[in-house]
Amino acid sequence: MAGQSSHSLKLLGMFASPFALRVQLALSFKGLRYEYLEEKDLHNNKGELLLKSNPVHKKVPVLIHDGKPVCESMIIVQYLDEAFAGVGPSLLPSDPHGRAVARFWAAYIDEKLFSSWMTVFRGKTDEEKAEGTRQSFAVAATLEPGGSPARWSAPKGSPSSAATASGTSTSHLEDSSPGCTPSRSCMD
Ligand SMILES: N[C@@H](CCC(=O)N[C@@H](CS)C(=O)NCC(=O)O)C(=O)O
């Protein structure tokens, strides 16, 4: 696919969703123009387009490319790389091992980081919140060079570092960006 000019891209998102942010980063790195559609009341009143586009999970993000929906943030990132291979940089490394490493870290962040991070906001007691903070830092430390002896080497050579593939980074963690707050939880 040579360029974007004849293609329509819409993104259904929600401002506090780290998963939607992952897709926004991917679109931005590739320099793709898109229409952003905010789900205004994701947890109480989902929009018709969301329910029609993602009837299984009913979650954001959903990318709608020329009327066809693509769901799940990491699947969307990989789809963008394939559908717009000729546009902007590659998001994932070209070699299979590098791609496996990027997917590994994205899955690690999805499984480990977001759940402990949520406890920081949603823990019922100060102790629970403190434990969530401790776990979040422990998980983040694993992402840092030298953080863990078991760490895989980071993918190189494109904006597809672990941070890109995951849609987050330690600086994103440290800047106390809103993420999923108790009232706007992404993990319900
Ligand atoms: N695995 C999904 C997770 C998406 C997700 O959890 N989205 C949340 C917002 S952060 C959502 O739409 N929640 C609505 C709900 O659970 O009803 C992805 O990577 O896209």
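In which loop does Asp66 lie? In this predicted model, Asp66 is located in the loop between strand 3 and strand 4. Its backbone has a positive phi of about 50°, although Asp66 is not a glycine. Asp66 counts as exposed because 10 C-beta neighbours lie inside 10 Å, and a residue is classed as exposed if that number is 12 or fewer. A positive phi is also found at Glu72, where the angle is near 80° in a residue other than glycine. Glu72 belongs to the loop between strand 4 and helix 3 and is partly exposed, with 18 other C-beta atoms within 10 Å. A further backbone feature occurs at the peptide bond from Val60 to Pro61, which is cis, with omega near 5°. Pro61 is placed in the loop between helix 2 (48-53) and strand 3. Most residues other than glycine have a negative phi, and most peptide bonds are trans.

The interior of the model was examined next. The largest nonpolar core contains 37 residues, of which Val23, Ala26, Val60, Val77 and Leu80 touch the most other members. At least two residues of this core are supplied by each of strand 1 (9-13), helix 1 (18-30), strand 3 (62-65), strand 4 (68-71), helix 3, helix 4 (96-122) and helix 5 (126-143). Helix 4 provides the largest share, eight residues. Domain 1 (9-83) and domain 2 (96-172) each contribute at least three residues to this core. In soluble globular proteins, nonpolar side chains tend to be buried together.

The contacts of Val23 illustrate the surroundings of one core residue. When residues up to four places away in sequence are not counted, Val23 touches Leu11, Pro61, Leu63, Ser73, Ile76 and Val77. Among these partners, Ser73, Ile76 and Val77 are buried residues of helix 3. The other buried residues of helix 3 are Met74, Gln78, Leu80, Asp81 and Ala83. Because eight of its 11 residues are buried, helix 3 (residues 73-83) is largely enclosed by the rest of the structure.

Ser136 offers an example from helix 5. Ser136 is buried, since 20 other C-beta atoms lie within 10 Å and a residue is classed as buried at 20 or more. With neighbours within four places in sequence left aside, Ser136 is in contact with Leu113, Ser116, Trp117 and Val120. The C-alpha atoms of Ser136 and Lys112 are separated by 8.2 Å, while the two residues are 24 residues apart along the chain.

Terms used: Residues are numbered from 1 along each chain as its sequence is written. This is a predicted model: local features need pLDDT of at least 70, side-chain atom pairs count only at pLDDT 80 or more; totals for chains, interfaces and linings use all residues. Helices (H or I, at least four residues) and strands (E, at least two) are DSSP runs, numbered from the N terminus. A nonpolar core is a set of buried Ala, Val, Leu, Ile, Met, Phe, Trp, Tyr and Cys residues joined through C-beta atoms within 7 Å. Domain bounds come from an automatic or database domain assignment. Two residues are in contact if their C-beta atoms, placed from the backbone, lie within 7 Å.
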